[in-house]
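Please walk me through how the helices of this model pack against one another, and where two of its serines sit in that packing.

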Amino acid sequence: MAEGNNVLLGILAIILGILVIAFPIFSVFTASVLAGLAIIFLGISLLAKSFGAWNESKGASVAFLILGIIAVVVGIGLFGSVVAFSFLASFWLYFAGFFLIISGIMSLFSKETVGKGVGALGIILGILYMILASYAWNPYYLAMLIGIWLIFDGIALFFVKPSDIMKTESTE
């Protein structure tokens with residue numbers, strides 16, 4: 001069984017998951033506002049970095065400047081836009097699903113016998129990601145996916161011990 005901090009985080013994740021499912025549009029709106037703000041701040045940071053890098057490398061400075069402007073524009077476009085957030089979430093799931101399918105096919109053709117099982121799993125997960133991506137276009141379904149993920153993650157936190165995570169990371 002998990003320790004105190006994980007149980008508290010698990011309970012919070014479950015409560016948040018239920019709230020996301022109960023208020024889907026408000027939840028996706030809130031997520032789009034937070035994502036938009038984060039990208040705007042990233043863009044501002046890149047713009048500041050572009051001015052600081054001017055003396056050392058003009059090319060890097062121009063690259064930071066262009067990326068900063070793009071990030072600010074994307075952040076403003078994403079800020080509070082449920083449709084844009086749903087589109088980006090769906091696009092990301094399609095993108096990840098595509099790469100899971102490609103890597104699964106590559107694993108199937110590898111010489112390792114373990115790779116074949118992993119390859120089949122990658123193809124199945126990739127197809128599942130593609131199916132989820134088709135539903136993520138709709139903000140209601142996107143909120144349901146996020147809420148269900150939070151609930152499952154919260155339940156999983158009940159069974160994770162932080163010491164086990166630290167042991168696994170330190171042995172790698």
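Contact here means that heavy atoms lie within 4.5 Å. By that criterion, Val82, Phe85, Ser86 and Ala89 of helix H4 meet Pro139, Leu142 and Ile146 of helix H6. The residues of this contact divide into 6 nonpolar, 1 polar and no charged. The model is a predicted one.

The overall layout comes next. The protein chain holds 7 helices and 0 strands, so that its elements read α-α-α-α-α-α-α from the N terminus on. Of the 172 residues in the chain, 28% are buried. Among contacts between residues at least 6 apart in sequence, 73% join residues at least 24 apart.

Two packed helices are described by the angle between their axes and the distance between the axes. For H4 (residues 82-108) and H6 (residues 139-157), the axes come within 10 Å and cross at roughly 60°. An angle of that size is neither under 35 degrees nor over 145, and is outside the range of 65 to 115, and H4 and H6 are therefore oblique to each other. Their crossing is left-handed.

H4 also packs against H2. The axes of H2 and H4 come within 9 Å, with a crossing angle of roughly 80°, which makes H2 roughly perpendicular to H4. On the H2 side the contact is made by Ile25, Val28, Phe29, Ala31, Ser32 and Ala35, and on the H4 side by Val82, Phe85 and Ser86. By class, this contact of H2 with H4 has 7 nonpolar, 2 polar and no charged residues.

Val82, Phe85 and Ser86 of H4 take part in the contact with H2, and these residues also appear in the contact with H6. Is Ser86 buried or exposed? Ser86 has a relative accessibility of 1% and therefore counts as buried, the cut-off being under 20%. Leaving aside neighbours within four places in sequence, Ser86 is in contact with Val28, Ala136, Trp137, Asn138, Pro139 and Leu142. In addition, the C-alpha atoms of Ser86 and Ala143 are 9.3 Å apart in space, although the two residues are 57 residues apart in sequence.

The remaining pair is H2 with H3. The axes of H2 (residues 24-52) and H3 (residues 58-78) come within 7 Å and cross at roughly 160°. H2 and H3 are therefore roughly antiparallel to each other, and their crossing is left-handed. H2 contributes Ser32, Ala35, Gly36, Ile39, Ile40, Gly43, Ile44, Leu46, Leu47, Lys49 and Ser50 to the contact, while the residues from H3 include Ser61, Phe64, Leu65, Gly68, Ala71, Val72, Gly75 and Leu78. By class, the contact of H2 with H3 has 15 nonpolar, 7 polar and 1 charged residues. Ser32 and Ala35 of H2 are listed in this contact and also in the contact of H2 with H4.

The second serine belongs to this helix pair. Ser50 lies in helix H2 and, with a relative accessibility of 1%, counts as buried. Which residues does Ser50 contact, leaving aside its neighbours within four places in sequence? They are Ser61, Phe64 and Leu65, each of which is among the H3 residues in the contact with H2. Within H2, a polar atom of the Ser50 side chain lies 2.6 Å from the backbone oxygen of Leu47.

How values were computed. Residues are numbered from 1 along each chain as its sequence is written. This is a predicted model: local features need pLDDT of at least 70, side-chain atom pairs count only at pLDDT 80 or more; totals for chains, interfaces and linings use all residues. Side-chain values use heavy atoms; hydrogens and water are left out. Axes are lines fitted to C-alpha atoms, for helices over the stretch in contact, and angles run from 0 to 180 degrees between N-to-C directions. Helices (H or I, at least four residues) and strands (E, at least two) are DSSP runs, numbered from the N terminus. A crossing is left-handed if the near helix is turned anticlockwise from the far one by less than a right angle, and right-handed if clockwise. Ala, Val, Leu, Ile, Met, Phe, Trp, Tyr, Cys and Pro count as nonpolar, Asp, Glu, Lys and Arg as charged, and the others, Gly among them, as polar. Buried means under 20% relative accessible area, exposed over 50%, partly exposed in between (1.4 Å probe, protein chains only). A polar contact is a pair of N or O atoms within 3.5 Å; within protein, one must be able to donate a hydrogen and the other to accept it, and residues adjacent in sequence count only if both atoms are side-chain atoms.
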